[in-house]
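Trainee: I would like a close look at one part of this model, followed outward to whatever helps in reading it. Please take it step by step.

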Amino acid sequence: MFPKKLQQKLNDRNDDNSLRELGTFNNLIDFSSNDYLGFSKSKNIYTKAHDFLIDNEVEQNGATGSRLLSGSHKLYSVLENTLSAFHNSDSALVYNSGYDANLGIFSSVPQRGDVILYDEHIHASIRDGITMSNAKSYKFKHNDLKDLDAILKRVQNDSEIYIATESVFSMDGDSPDLVALVNLCKAYNAYLIVDEAHAVGIFGKNGKGLIQELGLEKQIFARIITFGKAMGCHGASILGSKQLKDYLVNFSRSFIYTTALSPHSIATILFAYEELLVTKTIKKLRQNILFFKAEINKLKLQDYFINSDSSIQCCIISGNDKVKAIAQRFQQKGFDVKAILSPTVPKEQERLRFCLHAYNSEKEITAILTLLEICI
Ligand SMILES: Cc1ncc(COP(=O)(O)O)c(C=O)c1O
């Protein structure tokens with residue numbers, strides 16, 4: 001027995017060639033994961049975290065409860081102090097995932113009568129948080145500050161205004177003009193919240209993120225950083241003022257009502273941060289991004305791509321059927337390249353999303369782009 005309406009929804013997805021299915025692990029050349037620096041497979045980080053736990057007698061598998069009950073084990077404060085210092089923030093509050101962090105801040109901070117303005121391409125976790133909030137919300141055109149300005153003019157009498165964006169968009173790889181955005185927020189006394197999930201580990205000194213590369217960290221209400229992407233671990237943190245941290249500890253339900261991360265997870269994040277200070281992989285990743293962009297130009301493919309300086313490079317190929325067929329061709333040739341289908345992105349904006357890593361070779365990059373030239 002299964003509800004008819006749900007079956008119909010699955011059938012619709014199937015008819016649209018957009019039914020999602022879980023893949024299995026493959027041995028293809030990785031142009032798809034978020035493991036930009038290869039940290040998820042770093043033996044050094046793994047061994048250091050393991051030895052640290054044993055040396056400090058933290059031999060405990062799970063956290064045993066929520067942070068507010070029994071789960072706030074001693075490594076949490078070590079990590080949150082490390083994060084505040086590294087990211088030049090007054091405070092840091094660790095969440096179990098980026099999804100939880102976005103749900104937690106957007107559902108609890110904007111109040112009834114407030115307004116949230118968000119980029120139309122914002123991540124699903126932010127949308128879900130906004131849906132749970134009592135504030136009104138309006139979207140603005142992607143990275144379009146003129147459109148945002150026009151909306152700000154209309155809403156400026158509302159009590160508080162929050163603006164949500166990403167420093168690197170997860171499905172586009174591009175970035176807003178953050179300096180201009182900060183100035184716009186100042187002009188309207190709006191609070192800016194920036195998701196740095198795909199910027200940490202890639203931009204800024206030692207991978208501190210795009211906000212710190214631009215020196216804007218003190219002008220932003222909150223930053224969301226995640227550990228499941230370039231850091232190769234799991235979890236996330238909200239960076240902001242001490243009052244914001246106090247508020248979230250008291251009112252953010254995705255922080256309060258969940259079991260905390262285990263000591264092992266926290267130790268792994270700590271040693272991933274230590275690795276950022278010495279790794280040569282950030283430089284290699286940046287070289288690969290430049291090489292990829294130069295190759296696109298050489299092959300005259302640049303018009304198909306969304307302009308991006310990040311490790312996410314997207315080639316627009318309209319239609320679920322077409323983009324899926326091309327992605328399959330890449331997979332048959334040994335490359336793990338993923339098609340991003342509608343409804344994840346708008347219809348006709350379907351795309352191949354190439355995620356670049358420090359461990360991709362120039363030979364591999366040339367090979368995928370040569371294949372792309374043949375396919376499109
Ligand atoms: C921009 C952005 N924010 C938040 C998240 C969620 O992070 P996590 O995977 O840690 O839940 C993602 C990951 O998909 C993302 O791309």
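Trainee: Is Lys 300 buried or exposed, and how many other C-beta atoms lie within 10 Å?

Mentor: Lys 300 is exposed, because 9 other C-beta atoms lie within 10 Å and the cut-off for exposed is 12 or fewer. Keep in mind that this is a predicted model. Lys 300 sits in the loop that runs between helix 12 (281-298) and strand 9 (312-316). For a sense of distance, take Asp 90: Lys 300 is 210 residues from Asp 90 in sequence and 46 Å from it in space, C-alpha to C-alpha.

Now go back into the helix before that loop. Helix 12 packs with helix 14 at an angle of about 30 degrees, and the two axes are 10 Å apart. The crossing of this pair is right-handed. From helix 12, the residues that take part are Asn 288, Phe 291, Phe 292, Glu 295 and Ile 296; they meet Glu 362, Ile 365, Thr 366 and Leu 369 of helix 14.

Helix 14 (362-375) also turns up in the packing of helix 13, whose buried residues lie against helix 14, strand 10 (335-336), strand 11 (338-340) and strand 12 (351-355). Helix 13 covers residues 320-332, 13 residues in total, and spans 18 Å from first C-alpha to last, close to the expected 18 Å. Its buried residues are Val 323, Ile 326, Ala 327 and Phe 330. These four lie on the same side of helix 13, because they cover an arc of only 100 degrees around the axis. The general rule behind such a pattern is that an α-helix has 3.6 residues a turn, so residues three or four places apart point the same way. Gln 328 and Gln 332 are exposed on the other side of helix 13.

The backbone beyond helix 13 has two points to note. Gly 334, just after helix 13, takes a positive phi of about 100 degrees. Further along, the loop between strand 11 and strand 12 holds Pro 343, and the peptide bond from Ser 342 to Pro 343 is cis, with omega near 20 degrees. As background, most residues other than glycine have a negative phi, and most peptide bonds are trans.

Two asparagines can be read against that background. Asn 88 is not a glycine, yet its phi is positive, at about 50 degrees; it is in the loop between helix 3 (75-86) and strand 2 (91-95). Asn 206 is likewise not a glycine and has a positive phi of about 55 degrees; its loop joins strand 6 (191-195) and helix 8 (210-213). Asn 88 is partly exposed because it has 13 other C-beta atoms within 10 Å, and Asn 206 is partly exposed with 15. A further positive phi, about 55 degrees, belongs to Asn 17, just after helix 1. Among the 12 residues of helix 1, the count of buried residues is zero.

For a contrast with Lys 300, look at Ala 135. Ala 135 is buried, because 20 other C-beta atoms lie within 10 Å and the cut-off for buried is 20 or more. Ala 135 is also a loop residue, placed between helix 5 (124-132) and strand 4 (136-140). Leaving aside residues up to four places away in sequence, Ala 135 touches Pro 110, Gln 111, Arg 112, Asp 114, Val 115 and Ile 116. Asn 320, in turn, is 185 residues from Ala 135 in sequence and 35 Å from it in space, C-alpha to C-alpha.

Helix 5, which precedes the loop of Ala 135, packs with helix 4 (residues 98-108) at about 30 degrees, with axes 7 Å apart. The two helices are therefore roughly parallel to each other. Helix 4 passes helix 5 in a right-handed crossing. The contact includes Tyr 99, Leu 103 and Phe 106 of helix 4, and Ile 126, Ile 130 and Met 132 of helix 5.

One more helix pair completes the picture. The axes of helix 2 (residues 43-55) and helix 11 (residues 263-276) come within 8 Å and cross at roughly 130 degrees. Helix 2 and helix 11 are therefore oblique to each other, and their crossing is right-handed. Among the residues that meet there are Ile 45, Phe 52 and Leu 53 in helix 2, with Pro 263, Ala 267 and Phe 271 in helix 11.

Conventions
Residues are numbered from 1 along each chain as its sequence is written. This is a predicted model: local features need pLDDT of at least 70, side-chain atom pairs count only at pLDDT 80 or more; totals for chains, interfaces and linings use all residues. The expected span of a helix is 1.5 Å times one less than its number of residues. The arc is that of the directions from the helix axis to the C-beta atoms. Two residues are in contact if their C-beta atoms, placed from the backbone, lie within 7 Å. Axes are lines fitted to C-alpha atoms, for helices over the stretch in contact, and angles run from 0 to 180 degrees between N-to-C directions. Angles under 35 degrees count as roughly parallel, over 145 as roughly antiparallel, 65 to 115 as roughly perpendicular and the rest as oblique. A crossing is left-handed if the near helix is turned anticlockwise from the far one by less than a right angle, and right-handed if clockwise.
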